[in-house]
Structure formats: C-alpha cells, structure tokens
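Please look at the sequence and the model below with the contacts between protein and DNA in mind. The briefing takes the two DNA strands in turn.

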2 protein chains.
Amino acid sequence: MDAEAAELKLLDTAERLFDERGVQSVGMDAIRTASGVSLKRLYQVFPSKDLLVEAVLRRRDETVRAALTAHGARVADGPYERALAVFDWLAGWFAEPEFRGCAFINTFGELGGVAPAVATIARDHKESLRAYLAEQTDALGAPPVLADQLALLANGAMAVAGITGSPEPAAQAKAAARVLLDAARP
Amino acid sequence: MDAEAAELKLLDTAERLFDERGVQSVGMDAIRTASGVSLKRLYQVFPSKDLLVEAVLRRRDETVRAALTAHGARVADGPYERALAVFDWLAGWFAEPEFRGCAFINTFGELGGVAPAVATIARDHKESLRAYLAEQTDALGAPPVLADQLALLANGAMAVAGITGSPEPAAQAKAAARVLLDAARP
DNA sequence: GCATCGGGAGAACGACCGTTCTCCCGATCG
DNA sequence: CGATCGGGAGAACGGTCGTTCTCCCGATGC
C-alpha cells in the first residue's frame with residue numbers, strides 16, 4: 001500500500017471512528033487496526049494525532065461544502081429553492097444509519113477548549129454554511145440577518161437530530177425556513 | 001470540610017473545568033487540586049468519574065430548567081412573551097465571559113457515543129426545553145410543531161454562539177422566533 | 001492519657017495512549 | 001547473488017489517568 005492509498009484509508013477510518021466514539025476515545029492503535037495501515041506508515045503520513053484530527057476535519061469541511069453546493073445546483077433553481085434545499089440535504093444526512101451529529105459541533109465540544117486549531121476549523125466551517133445561505137438570501141434581496149437565522153435553524157437541526165437520533169428536525173427546520181423566507185420577501 | 005460541602009464544591013469545580021476543557025481533558029487530580037477536596041473524600045462522594053460527570057449534568061439540567069421557568073415567570077406575562085423570553089435568557093447566558101456552548105451539546109459530542117447515560121441525560125434535557133416551549137405554544141393554540149421549531153432556533157443559537165464566541169445568535173433567533181410565532185397565530 | 005477512628009496529602013498501582021524503536025522480510029538493483 | 005532499502009508487525013517507552021493504598025495527624029471517647 002503506497003502513501004496515497006494509506007492517507008485515504010486513514011482519513012476514512014479515522015473519520016468513521018471519530019464520528020462513532022469521539023476523538024479522544026479512539027486510540028491510534030484502533031485506527032491502525034481498523035484501517036490496516038501500519039503505525040509506521042500512519043506516522044509518516046500524519047506525524048501526530050492532532051494533525052490527523054485536523055486533516056479529517058478539513059477534508060470533511062471540503063466534502064460538505066461541495067456536497068451542499070452540488071445538491072443546491074442539482075435539485076433547485078433560484079435562490080429561494082436553493083436555500084430550502086439545504087434542509088433537504090440535511091434530511092438525507094440525518095437519515096443515514098450512522099448519523100450521530102455534526103462532526104464540527106461534536107469535535108468543538110470535545111476539543112474546542114484545548115485545541116485552538118480545531119476551534120478555528122469549526123468556526124470556518126460554520127461560517128461557510130452561513131455564507132452559502134447568504135448567497136441565496138442576498139440574491140433574494142432579503143436582509144442579511146436572514147442568512148444567520150437560516151443557519152441557526154440548520155445548526156439547531158443538526159444538534160437536535162444528533163442528540164435525539166431523529167431525522168425530523170430537518171423537515172421542521174425546512175418549514176420554519178420557508179416561513180422566514182416568505183416573511184422576508186421584499 | 002464535611003461531605004455535603006465537599007459535594008457542592010466538587011460539582012461547582014467539575015462543572016467549571018468540564019465547561020472550559022471538556023470532560024476527558026480534565027483529570028480527577030485537577031478537580032481535586034482546584035476544589036481543595038481530597039481524593040479520598042472525592043471518591044467517597046462520587047465513586048467514579050462517570051458518576052461525577054453524570055451528577056454534574058443532572059444538576060445543570062435542574063438549574064437550567066429552574067432558571068428558564070423563573071426567568072419566564074419574572075419578565076413575561078402570557079405565553080407569547082414567555083416563549084420569546086427564552087431567547088433573552090439565552091442572550092444573558094451567551095454574554096457570560098466563560099460561555100463556551102451548551103454543556104449538553106458539548107458533552108454529548110464528546111461522550112454520547114460511548115456513554116449511554118450521558119446521551120440519555122442530554123436527550124432528556126433537550127426534551128425538557130422543547131416541553132417548556134410547547135407549554136407556551138399550546139397555550140397560544142399554535143400547532144405542536146412550532147415548539148420544535150423554536151427549540152431548533154434555541155439550540156442552533158447555543159451551538160453557533162459556542163463555536164463563534166458571539167452572543168448575537170440569541171437576538172437573531174429571537175427575531176426569527178417572533179416571525180414564527182406571529183405566523184402561527186390562529 | 002491512651003486507644004481508636006476519620007480524614008488529608010500524596011505516593012503507588014495498573015491500565016492505556018501517543019509515539020518511537022527493533023526486528024525481520026521481500027523487493028530492487030548492481 | 002548479495003547488499004541495500006523500505007515497509008510491516010508489534011514490542012517498548014515515557015507519560016498520564018482513574019483509582020487505591022499508605023502514612024500520619026488531630027479529634028474523640030473511656
């Protein structure tokens with residue numbers, strides 16, 4: 001197994017284990033066993049656990065941004081529908097059997113107070129969601145605060161769906177978002 | 001120091017340290033040093049760290065429920081104002097200098113996957129917030145889903161305020177809540 | 001006054017974790 | 001073919017953590 005394949009397998013494995021059990025409950029040995037990548041190779045590719053954690057979060061950040069944009073472009077035309085489509089995307093995510101909440105909310109809760117890099121990545125990720133929503137609301141001519149409010153609904157849905165295990169918050173948030181969007185129409 | 005005073009000091013100290021650094025980053029020795037309670041006494045009162053964590057969360061659960069109810073009864077009359085007052089209470093909380101997010105969201109992210117007791121306490125706590133909001137919306141004759149939606153706004157505000165460090169989400173969520181409440185008026 | 005008890009301080013213990021090291025094998029290249 | 005290199009498996013190391021144990025002191029009761 002070459003370095004590139006090892007990196008991919010490590011990121012996949014670490015992301016899955018971190019999502020399931022949190023970061024600190026997963027030892028490097030568990031990642032090695034589950035990935036089949038030797039410890040030597042692991043530390044060649046990611047010289048420390050901190051760097052692996054950050055790499056996992058950064059890749060997830062890019063994945064989510066791309067998926068959201070792609071979903072919006074695919075299923076919706078126009079900013080109104082694209083803003084609402086965010087909540088359909090959430091619904092699909094929440095319905096995945098292994099869903100256990102947003103990795104950024106969860107990891108910030110665990111490490112945000114002691115790992116500034118993690119806190120920064122989480123902050124940037126949440127800002128990117130807000131910015132994506134702001135693109136849509138700006139195009140509608142709605143006031144800027146609407147994007148923040150839609151982001152609150154989305155993040156609240158992630159938190160509550162993670163804790164309760166129910167996918168319903170996506171639909172509830174979508175309905176609320178529609179009310180806010182309609183009320184803000186110029 | 002007797003057992004009762006030790007328990008109080010331990011809960012206070014542990015809650016503060018857990019909020020600052022997360023649970024797993026805080027050793028029992030740090031709690032002992034910061035609280036001034038000896039290890040022997042600590043393990044007399046809380047026979048394991050797991051039990052201490054659960055006790056901290058359970059006390060916080062009661063504190064928050066009581067504070068929310070008291071705040072609602074004090075500053076507002078009528079269900080409409082009481083529902084909105086929840087977000088004023090959030091604003092005061094977010095403005096505290098040591099605020100670093102909701103303990104239940106944070107601890108669920110860290111331990112929810114490996115500590116079922118923690119997951120249950122977090123779930124119950126979030127359900128109690130929803131139930132409190134449902135009391136208000138029911139009194140207004142609004143459809144039941146409105147309480148869920150207000151809870152999503154509140155939880156989204158907690159998550160975003162924790163991650164960004166800004167208290168603004170409280171006001172943004174309150175404005176959105178007002179729109180939803182007005183739209184649901186029979 | 002002396003034996004007893006409970007508690008404080010912190011050392012000690014066993015487990016685990018992140019990281020590094022050792023040993024060995026198989027491939028590559030002259 | 002023989003030397004060299006890179007990597008795999010896992011042992012080893014240093015540190016930390018949760019938990020327990022030891023030692024000592026002061027208070028209490030007869």
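What follows is a briefing on the protein surface around each DNA strand. The model is predicted, and the surroundings of DNA strand C comprise 14 residues, while those of DNA strand D comprise 13 residues.

**DNA strand C**

- The closest residues to DNA strand C are Gly27(A), Met28(A) and Lys49(A), together with Ser38(B) and Lys40(B).
- Sugar or phosphate accounts for 56% of the atoms of DNA strand C that lie within 4 Å of the protein, and bases account for the rest.
- A phosphate oxygen of DNA strand C lies 2.7 Å from a backbone N or O atom of Met28(A), and phosphate oxygens of this strand also lie 3.4 Å from a polar side-chain atom of Arg41(B) and 3.4 Å from a side-chain N or O atom of Gln44(B).
- Two or more residues of this surface come from α3 (39–45) of chain A and likewise from α3 (39–45) of chain B, with α3(B) giving the most, four residues.
- By class, this surface has six nonpolar, four polar and four charged residues.

**DNA strand D**

- The closest residues to DNA strand D are Ser38(A) and Lys40(A), together with Gly27(B), Met28(B) and Lys49(B).
- Of the atoms of DNA strand D within 4 Å of the protein, 55% are in sugar or phosphate, and the rest are in bases.
- A side-chain N or O atom of Lys40(A) lies 2.7 Å from a base oxygen of DNA strand D, whereas side-chain N or O atoms of Tyr43(B) and Lys49(B) lie 3.0 Å and 2.4 Å, respectively, from a phosphate oxygen of DNA strand D.
- The α3 helices of chain A and chain B each supply at least two residues of this surface, and α3(A) gives the most, with four residues.
- By class, the surface near DNA strand D has five nonpolar, four polar and four charged residues.

Note on methods. Residues are numbered from 1 along each chain as its sequence is written. Chains are lettered from A and ligands numbered from 1 in the order in which they are written. This is a predicted model: local features need pLDDT of at least 70, side-chain atom pairs count only at pLDDT 80 or more; totals for chains, interfaces and linings use all residues. Side-chain values use heavy atoms; hydrogens and water are left out. A residue is near a molecule or strand if one of its heavy atoms lies within 4 Å of it. A polar contact is a pair of N or O atoms within 3.5 Å; within protein, one must be able to donate a hydrogen and the other to accept it, and residues adjacent in sequence count only if both atoms are side-chain atoms. Ala, Val, Leu, Ile, Met, Phe, Trp, Tyr, Cys and Pro count as nonpolar, Asp, Glu, Lys and Arg as charged, and the others, Gly among them, as polar.
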